[in-house]
Amino acid sequence: HMVVNDRTKDLLRFNPHSSVGYLANNQVRTIVHHAYGFDSAGRFVVARDVAEGFAGVHVRQPVLIEALHPGYWALGESRAELAKREDAQALSLAELSGRIEQLADSVGQVVRERSKERNSDPEAAVAEARIMRLRKYVSARLTADEIQKLACRPAEFNVYAVWRSAEKRKLISRSLAAIKVDAARASYGAEGAGITWAVLDTGTRFDHPHFSDNGTVIDVLDCTTDDSEPVRITRAADADRDGHGTHVAGIIAGESDDDGGRRMRGMAPRARLLVYKVLDDNGFGEDAWIIKAIDDIYRRNDSGTGLQIFGANLSLGGPFDATVYGCGYSPICQELRDIWRQGVLV
């Protein structure tokens with residue numbers, strides 16, 4: 001079976017065995033991993049930090065339900081069982097997008113069934129669950145019994161794992177000199193011309209004087225809604241009520257005169273910015289919102305016309321529990337690795 005990796009075949013001296021070589025192809029990776037029983041995450045269905053939340057029986061906790069990729073086995077499933085299951089499935093489930101649609105519908109059905117058992121309004125329960133379709137995940141807010149019902153039948157629902165959609169918060173940036181921007185300007189005149197950069201943060205006030213005169217901000221896209229696609233923000237007043245994203249965007253590409261008439265410039269004042277609002281008006285967000293933005297970057301770069309987004313900045317973070325998954329294999333890390341393989345500097 002031949003797989004042509006168009007993005008790396010013209011590069012000089014790249015290692016075909018590396019993560020940007022043949023293992024960058026999901027189909028090849030799946031075959032290789034299955035052949036020698038390797039699973040990068042250390043296999044489970046429900047992550048430990050999600051299971052810990054089961055103590056609050058009726059509390060809805062934010063989760064990311066990762067769909068099984070076509071050709072990938074469910075927990076405890078043999079190769080023969082995998083083949084039998086996939087042969088019996090509808091043709092639409094041969095694609096990941098079809099599995100996401102089915103999984104989202106199944107999550108909604110589970111929520112309705114459980115609400116009826118509790119004698120509550122099914123549609124109100126679905127609204128509270130805030131089910132959202134992403135490229136590789138279904139995001140939702142689910143109770144312990146709803147999660148357990150999905151987790152007990154991973155092959156039927158095409159569930160790979162249930163992760164916590166962990167809380168994130170804004171972080172403060174570093175100085176210009178720390179990354180040698182001053183040296184790059186002095187030596188090469190590097191100011192970011194021709195570069196489009198993605199900013200994943202609280203949004204950006206595109207009418208701010210640091211941007212309004214030069215059209216630096218292409219768009220501000222809201223990823224904090226329940227829509228499966230980012231929503232364009234048209235009112236400047238709604239674009240960043242917190243201010244942190246505007247601060248970060250200014251560091252990257254802002255430019256203006258201060259009160260003393262001195263020219264204040266960001267890292268790359270000639271660059272253009274595509275801004276994703278992935279944190280709410282108080283500076284808090286979750287993995288699902290960030291992944292929605294990364295999915296959009298992936299789609300833009302996968303359009304076949306070359307890189308549209310050259311880099312992505314995430315001045316945010318949250319607690320990390322190394323007992324849940326290996327470093328580099330959280331849902332966020334795996335998503336960022338996808339755009340990194342496209343050539344995006346993260």
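**Exercise 1. In this predicted model, find which residue stands opposite Tyr276 of strand 11, and then describe the surroundings of strand 11.**

Solution. Begin with the residue itself: Leu200 is the one that stands opposite Tyr276 in strand 11. Next, turn to the strands involved, where strand 6, which covers residues 196-201, runs parallel to strand 11 and is joined to it by six bridges. Strand 7 (residues 217-222) also runs parallel to strand 11, and here five bridges make the connection, with Val220 standing opposite Val275 of strand 11. Finally, consider how covered strand 11 is: this strand spans residues 272-277 and is mostly covered, since five of its six residues are buried.

**Exercise 2. Work out which residues have the most contacts inside the largest nonpolar core, and say what Val107 touches.**

Solution. The largest nonpolar core has 64 residues, and those with the most contacts inside it are Ile65, Val107, Leu142, Leu200, Tyr276 and Val278. Leu200 and Tyr276, the facing residues of the previous exercise, thus return in this list. Taking Val107 next, and leaving aside its neighbours within four places in sequence, one finds it in contact with Ile65, Ile131, Val138, Ala140, Leu142 and Leu150. A second core, separate from this one, has 13 residues and includes Trp197, Val217, Val220 and Ile252.

**Exercise 3. Determine in what order the strands of the open four-stranded sheet lie, and which strands form its edges.**

Solution. The four strands follow the order 2-3-1-4, and their pairing is antiparallel. The edges are strand 2 and strand 4 (159-164), each of which pairs on one side only. Within the sheet, strand 1 and strand 3 run antiparallel and are joined by six bridges, and Leu64 stands opposite Ser139 of strand 3.

**Exercise 4. Decide whether Arg141 is buried or exposed, and identify the side chain with which Arg141 makes a polar contact.**

Solution. First place the residue: Arg141 lies in strand 3, which covers residues 137-142. Its relative accessible area is 18%, and because the cut-off for buried is under 20%, Arg141 counts as buried. Its side chain is joined to that of Glu286 by a polar contact of 2.5 Å. Beyond residues up to four places away in sequence, Arg141 touches Arg60, Gln61, Pro62, Glu128, Ala129, Arg130, Glu146 and Glu286.

One of these neighbours, Arg130, deserves a further step, for it has a positive phi of about 50° although it is not a glycine. Arg130 sits in the loop between helix 5 (122-129) and strand 2 (132-133), and with a relative accessibility of 26% it counts as partly exposed. Lys180 likewise is not a glycine and has a positive phi, of about 65°; it is found in the loop between strand 5 (167-170) and helix 8 (181-188), and it is exposed, with a relative accessible area of 54%.

**Exercise 5. Establish how the rings of Phe44 and Trp163 are arranged, and then what other aromatic pair involves strand 4.**

Solution. The count of aromatic pairs comes to three. For Phe44 and Trp163, the ring centres are 5.5 Å apart and the planes meet at 75°, so the pair is edge-to-face. The two residues are 119 apart in the chain, with Phe44 in the loop between helix 1 (26-35) and helix 2 and Trp163 in strand 4. Both ends of this pair are covered, as Phe44 is buried with a relative accessible area of 17% and Trp163 is buried at 1%.

Tyr72 and Tyr160 form an edge-to-face pair as well, with 5.8 Å from centre to centre and 65° between the planes. Since Tyr72 lies in the loop between strand 1 and helix 3 (79-88) while Tyr160 is in strand 4, this pair ties together parts that are 88 residues apart in sequence. Both tyrosines, Tyr72 and Tyr160, are buried, and ring pairs link them with Trp73 into a cluster.

**Exercise 6. Find how far apart in space His58 and Asp145 are, and decide how accessible His58 is.**

Solution. His58 lies in the loop between helix 2 (48-51) and strand 1 (61-67). From C-alpha to C-alpha, His58 and Asp145 are 8.3 Å apart, although 87 residues separate them in sequence. His58 counts as exposed, at 63% relative accessibility, and, residues up to four places away in sequence not being counted, it touches Arg118 and Thr143.

Definitions and conventions
Residues numbered from 1 in each chain as written. Predicted model: local features only at pLDDT ≥ 70, side-chain atom pairs only at ≥ 80, totals over all residues. Heavy atoms only, no water. Buried < 20%, exposed > 50% of the residue type's maximum accessible area, 1.4 Å probe, protein only. Pairing = 2+ DSSP bridges. Polar contact = N/O pair within 3.5 Å; in protein donor to acceptor, adjacent residues only side chain to side chain. Contact = heavy atoms within 4.5 Å. Core = buried A, V, L, I, M, F, W, Y, C linked by side-chain atoms within 4.5 Å. Phe/Tyr/Trp six-rings, centres within 6.5 Å; stacked < 30°, edge-to-face > 60°.
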